[in-house]
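Work through the exercises below with the sequence and the model side by side. Each task is followed by a solution in steps.

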Amino acid sequence: MAYKIAVASSDGKVINEHFGKATKFLIFNIEGAKYKFSEVLEASPFCSNGDHDEDKLLLVTEKLAGCRAVLITQIGYVAVKALESRGIEVFEIKTLIEDALNKIILYYLKVDGGIKYD
């Protein structure tokens with residue numbers, strides 16, 4: 001099963017962005033147990049000093065439509081619900097992108113029945 005994962009990163013190496021403050025998301029195509037970088041999705045931050053711009057939040061979630069999951073360091077409840085309403089799972093994690101993708105891929109292989117245990 002092929003799918004996409006969005007990663008909030010400022011440097012392309014580490015997941016290190018708060019969802020509402022991210023200016024870009026790296027999109028990875030996943031097929032089986034392999035991933036490949038696809039594109040950079042530009043975003044307008046919608047969180048500033050505790051205030052949220054609902055219109056910008058909706059724009060970001062629309063841009064992420066088609067992704068199975070988003071990997072970020074932090075996210076608020078309203079943003080989680082907005083993503084979940086589009087069928088996008090949220091994982092709060094701060095680590096190397098490569099490590100996180102490998103773990104998420106294994107998780108989805110297990111969930112989707114791709115890993116069998118005797």
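**Exercise 1: the packing of helix H2**

The buried residues of H2 pack against helix H1 (54-63), strand S6 (67-72) and strand S7 (89-92), where contact means heavy atoms within 4.5 Å. The model is predicted, so local features need pLDDT of at least 70 and side-chain atom pairs pLDDT 80 or more, while totals for chains, interfaces and linings use all residues. Residues are numbered from 1 along each chain as its sequence is written, and side-chain values use heavy atoms, with hydrogens and water left out.

Task: determine which residues of helix H2 are buried (under 20% relative accessible area, 1.4 Å probe, protein chains only).

Solution. In helix H2 (residues 77-84), the buried residues are Ala 79, Val 80, Ala 82 and Leu 83. They lie on the same side of H2, because the arc that they cover around the axis is only 160°.

**Exercise 2: the helix pair**

Task: describe how H1 and H2 pack, by angle and by the distance between their axes.

Solution. The axes of H1 and H2 are 10 Å apart and the packing angle is about 40°, which makes H1 oblique to H2. The crossing of the two helices, H1 and H2, is right-handed. From H1, Glu 54, Leu 57 and Thr 61 meet Val 78, Ala 79, Ala 82 and Leu 83 of H2.

**Exercise 3: a loop serine**

Task: establish whether Ser 9 is buried or exposed.

Solution. Ser 9, in the loop between strand S1 (2-8) and strand S2 (24-31), has a relative accessible area of 1% and is therefore buried. The side chain of Ser 9 also reaches the backbone nitrogen of Gly 12 at 2.9 Å.

Key. Helices (H or I, at least four residues) and strands (E, at least two) are DSSP runs, numbered from the N terminus. Buried means under 20% relative accessible area, exposed over 50%, partly exposed in between (1.4 Å probe, protein chains only). A polar contact is a pair of N or O atoms within 3.5 Å; within protein, one must be able to donate a hydrogen and the other to accept it, and residues adjacent in sequence count only if both atoms are side-chain atoms. The arc is that of the directions from the helix axis to the C-beta atoms. Axes are lines fitted to C-alpha atoms, for helices over the stretch in contact, and angles run from 0 to 180 degrees between N-to-C directions. Angles under 35 degrees count as roughly parallel, over 145 as roughly antiparallel, 65 to 115 as roughly perpendicular and the rest as oblique. A crossing is left-handed if the near helix is turned anticlockwise from the far one by less than a right angle, and right-handed if clockwise.
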